[in-house]
Amino acid sequence: MKQLKVCSLHFAVILLVALFAIKASEAAPVGSPAGWLSKGQWDFGLEGGHLSRRAMETSGNANYEASITHGYHSRSYGLHKRLMVTGKLGGTYGHIYDETNSQIPVKTSLGGGLAMGIQLKGIIWEKSDSGVIWGVGTQFLYLRAHRKKSGKANTDWYEAQISTCLAKTFNKFKPYAGIKFSTVTLDHDDGKGNTVSYDEADSVGPFVGLDIYLGEDKDVAINLEGSLLLGSEFYGGIKYKF
């Protein structure tokens, strides 16, 4: 038992190092597989993160990058012991970088505004005696920064994700790793009649994360996650179930 705890602690430390060493994107964490909530249970949480220089393209020109900082309040409900749904509401702020001229890149503010999302996660297979879980999930995110005054920029970010991952529980630690498919459309109006639509330069990439459970009943969870999709992105969050 003692050896298992030591091994799980070493695994968690290694994963944490990987999270902060990876040159890692999306606009909200995928999270570990469903199973955190039983049928009829709720949780509420806070989460935030930063997407740094995600590669974007428009009209075949791939010399653009987007950076987004955002935070959410989330509420989740257990539809079944193998299925949960989550709603997210918060705020966002970001920039778009035009590097067509690498010597003089142009940085444009996307402004700050509303962030919202909905996510559905389920378990495909699990082995309770070993703590191994295989899960899938889908998530839709919408970030909106609109200005009522004329001449001000308006921005809409639409993102859809499909993901799958494997997780294993080691006492109060649950590391997980998976792969996700993510599509993004970024519509930007500079307020002067110029509208540009950007798309992601790449759609598939891996992600890794770690849940750390606190309390005798493990009713508090801290989540850390990083992903790799032509940009760097890291997330942190805390949630409580009841």
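This report describes salt bridges and strand pairing in a predicted model.

## Basis of the values

Residues are numbered from 1 along each chain as its sequence is written, and side-chain values use heavy atoms, with hydrogens and water left out. Because the model is predicted, local features need a pLDDT of at least 70 and side-chain atom pairs count only at pLDDT 80 or more, whereas totals for chains, interfaces and linings use all residues.

## Salt bridges from strand β1

A salt bridge is taken here as a side-chain nitrogen of Lys or Arg within 4 Å of a carboxyl oxygen of Asp or Glu, and by this rule the count comes to 5 salt bridges. One of them joins Glu47 to Lys88, with 3.2 Å between the closest N and O atoms. This pair links distant parts of the chain, since Glu47 belongs to strand β1 (residues 42-58) and Lys88 to strand β3 (residues 83-98), 41 residues apart; strands (E, at least two residues) are DSSP runs, numbered from the N terminus. Glu47 and Lys88 are both buried, a term that means under 20% relative accessible area, while exposed means over 50% and partly exposed lies in between (1.4 Å probe, protein chains only).

Arg54 forms a salt bridge with Glu159, and the closest N and O atoms are 3.6 Å apart. Because Arg54 lies in strand β1 and Glu159 in strand β6 (residues 154-168), the pair ties together parts that are 105 residues apart in sequence. Both of these residues, Arg54 and Glu159, are buried.

## A network around Arg53

The side chains of Arg53 and Glu65 also meet in a salt bridge, at 2.6 Å from N to O. Arg53 lies in strand β1 and Glu65 in strand β2 (residues 61-80), so this pair ties together parts that are 12 residues apart in sequence. Arg53 is partly exposed, with a relative accessible area of 28%.

## Pairing of strand β8

Two strands are said to pair if DSSP finds at least two bridges between them. By that criterion, strand β8 (residues 195-200) pairs with β1 in the antiparallel sense over 2 bridges, and the partner of Met56 in β8 is Glu200.

Strand β7 (residues 173-189) also pairs with β8 in the antiparallel sense, here over 5 bridges, with Asp189 standing opposite Thr195 in β8. β7 and β8 form a hairpin with 5 residues between them, and in the turn Gly191 has a positive phi of about 85 degrees. In a regular strand, the side chains alternate between the two faces of the sheet.

Notes
Helices (H or I, at least four residues) and strands (E, at least two) are DSSP runs, numbered from the N terminus.
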